Number of protein chains: 2
Amino acid sequence: MSYSIGEAAKMVGLTAHTLRFYDKEGLLPFVKKTSSGLRAFSESDIEWLKIIECLKGTGLPLKQIKQYIDWCMEGDATIPQRLNMFIEQKKRVEEQKAKWEKHLEKINFKIKYYEDAAQYGDLNVFERNPKLLEEKKRLFKD
Amino acid sequence: MSYSIGEAAKMVGLTAHTLRFYDKEGLLPFVKKTSSGLRAFSESDIEWLKIIECLKGTGLPLKQIKQYIDWCMEGDATIPQRLNMFIEQKKRVEEQKAKWEKHLEKINFKIKYYEDAAQYGDLNVFERNPKLLEEKKRLFKD
DNA sequence: TTAATCTTTAGAGTTAACTCTAAGTCAAGC
DNA sequence: GCTTGACTTAGAGTTAACTCTAAAGATTAA
């Protein structure tokens, strides 16, 4: 069983346009075509798309995703590079997560700040709640 | 005390070019200029930049950041909108974090997969480790 | 006071990742 | 067989967010 480009697109939450664009960029060398020239996505192609989505979704540029796909096509000799690539990506994701935690603290501070402001209808928040001022200093010091 | 555009840029990890671009886009209406036309960033302007960085770093487009800045300039009447904006942003960050957790599981799987492959020099990983195949099915089923 | 460095503007150029169009081909239902 | 909708390609256009250039003015250190 195989899927048309439109079906495959729906399965991974992309458009057929985007899949054609990826193909043109060399990200989908594994996708075969029918005798009449239509792309036919196999189950394993769908898995490829999910890995591409995973890497793209964690911020890896398409060029580097293509690099990975190229390594996969080259065969067993590139296993170390591929392993290294996923280790690096894991590192990046975890760094990014740490950054987001910091951002989230600032956002939570702003929510507290505006909740108080909304309640009283003005921005004299720190006069009413000096502890929030301390928290602000801590969050914005660096 | 105030900072030149270059100093301000260094303090928040951006370039002077980028700060001028932000200014042109209307993101920095609070920045004053000296009598000779140079931008002078105050301490509180630096805090503005950090909030902009926080919002940009959690994926909010510059247009929506500008919307927030505009609300701030409009005065107390827009406090509810601003509160709502941060609540929405918090929601988005937490959704994004959940997505990244899922991506991270796939990445961890790939690391295990390629570690085994690297050790044996081939990709017959699932023959050696059938449990990994089960994990793959679980991770890629949806 | 002069050289080096920084800042100013307007505006052009770049990059990544789509997004769409046109003109034609293919497939499924009636 | 015919219509309708999905598919094909090449290539143009879009969007966001920078990134850079040029020419002129401002600031700083010697």
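The legends below describe close-up views of a predicted model in which two protein chains, A and B, lie beside DNA strands C and D. Residues are numbered from 1 along each chain as its sequence is written, and chains are lettered from A, with ligands numbered from 1, in the order in which they are written. Local features need pLDDT of at least 70 and side-chain atom pairs count only at pLDDT 80 or more, while totals for chains, interfaces and linings use all residues, and side-chain values use heavy atoms, with hydrogens and water left out.

**View 1. The two protein chains and their axis.** Chain A is superposed on chain B by a rotation of 180° with 0.0 Å of shift along the axis, giving an RMSD of 0.0 Å, where the fit is by least squares on the C-alpha atoms of residues with pLDDT of at least 70 in both copies. That is the relation of a two-fold axis. Within chain A, the C-alpha nearest this axis belongs to K97(A), at 3.8 Å. Because 100% of the interface residues of chain A are also interface residues in chain B, the copies meet through the same surface (contact here means heavy atoms within 4.5 Å).

**View 2. The surroundings of DNA strand D.** Around DNA strand D there are 19 residues, of which S4(A), G6(A), K33(A), R39(A) and Y22(B) come nearest; a residue is near a strand if one of its heavy atoms lies within 4 Å of it. Sugar or phosphate accounts for 71% of the strand D atoms within 4 Å of the protein, and the rest belong to bases.

**View 3. Polar contacts to DNA strand D.** Three polar contacts (pairs of N or O atoms within 3.5 Å) are described here. A backbone N or O atom of G6(A) lies 2.9 Å from a phosphate oxygen of strand D, and a polar side-chain atom of R20(A) lies 3.0 Å from a phosphate oxygen of that strand. The side chain of K24(A), by contrast, has an N or O atom 3.4 Å from a base nitrogen.

**View 4. The surroundings of DNA strand C.** DNA strand C is surrounded by 19 residues, the closest being Y22(A), S4(B), R20(B), K33(B) and R39(B), and 72% of the strand C atoms within 4 Å of the protein are from sugar and phosphate. An N or O atom in the side chain of Y22(A) is 2.6 Å from a phosphate oxygen of strand C, a polar side-chain atom of S36(A) lies 2.9 Å from a phosphate oxygen, and a backbone N or O atom of G6(B) lies 3.0 Å from one.

Technical notes: Polar contact = N/O pair within 3.5 Å; in protein donor to acceptor, adjacent residues only side chain to side chain.
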